[in-house]
Amino acid sequence: MIIKSAKFVSSSTGFGKCPVTDIPEYAFIGRSNVGKSSLINMLTNRTRLAKTSSTPGKTRLINHFIVNNEWYLVDLPGYGYVKAKPGQKKIFQAIITDYIKKRHNLSCLFVLLDSRHEPQKIDLAFISWLGSCGVPFVLIFTKTDKITLSKFKENQKIYESVLLETWEELPPVFKSSASTKLGREDILDYIEKINSNLKD
Ligand code: GTP
Ligand code: MG
């Protein structure tokens, strides 16, 4: 897919404030600092469309970007940044769960996982929660430039076997790097395919 234009539309404090629209939407979620905003910049070939930071918790709102005047990319706040107080049940922020459960034009959710780590409890809990929502999702392993291919394969295998304990089949899996642009074509092709299926 060729990116002809990519523009910032709005920052919303919650689901109810998001743009009213029927056009397809693709959102990026994952732990704080996993690389959601960087991936949006990499996909759109823009350096500062989405704001990035080396400090976790940079993205706090639901940010909409319109691409080619045809579909939205959405940068969500990360989970795992606001720590639950002792004794409190750990939950994902309502801004995230509300958006995922209610956004009717959400065509696919991209769940980002740091390729350098073995399965993290919070990521598994989030993926398991997603199962109850019925939202289509795919996995993207980020920051692959930071590890060797053999270590990546090892971590991916562990992830897949853990997920297969609860899921009958695995969702599509992509690997990416905001530094080398690995995964750009594959992810954009995937979005393009969904967009054209929706038009049929
Ligand atoms: P929050 O908004 O805080 O939830 O974080 P985020 O998931 O949007 O992460 P962000 O894109 O801001 O990136 C966090 C840090 O990781 C930044 O310092 C990025 O430069 C770095 N980073 C992101 N993706 C990559 C990557 O693919 N490779 C490398 N080497 N660094 C990356
Ligand atoms: Mg961010």
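How do the residues lining the second largest pocket divide into nonpolar, polar and charged, and what are the counts? In this predicted model, the split comes out at five nonpolar, three polar and four charged. The lining itself is made up of F8, S11, L49, A50, K51, K58, T59, R60, L61, N63, F65 and D75. Strand 1 (6-12) and strand 3 are the elements that give two or more residues to it. As for volume, this second largest pocket holds about 210 Å³.

The largest pocket comes in at about 370 Å³. Its lining counts 26 residues, with N33, V34, G35, K36 and S38 sitting closest to the centre. Helix 1 (residues 36-44) is the top contributor here, putting in four residues. In terms of chemistry, the lining of the largest pocket breaks down into 16 polar, six charged and four nonpolar residues.

Back to D75, one of the residues lining the second largest pocket: this residue belongs to strand 4, where W71, L73 and D75 are buried on one side and Y72 and V74 on the other. Strand 4 spans residues 71-75, and five of its five residues are buried. As for its neighbours, strand 4 runs parallel to strand 2 (residues 25-30), and four bridges join the two. Within that pairing, D75 is the bridge partner of F28. With strand 3 (residues 62-67), strand 4 pairs in the antiparallel sense, this time over five bridges, and V67 stands opposite W71. Strands 3 and 4 make a hairpin with three residues between them, and N68 in the turn takes a positive phi of about 50°.

Definitions and conventions:
Residues numbered from 1 in each chain as written. Chains lettered and ligands numbered in written order. Predicted model: local features only at pLDDT ≥ 70, side-chain atom pairs only at ≥ 80, totals over all residues. Heavy atoms only, no water. Buried < 20%, exposed > 50% of the residue type's maximum accessible area, 1.4 Å probe, protein only. Pairing = 2+ DSSP bridges. 1 Å grid on protein atoms, 1.4 Å probe; cavity = no way out; pocket = protein on both sides within 12 Å on 5 of 7 lines; lining within 4 Å. Points joined across faces, edges and corners; volume = space filled by probe spheres on them. Nonpolar A, V, L, I, M, F, W, Y, C, P; charged D, E, K, R; others polar.
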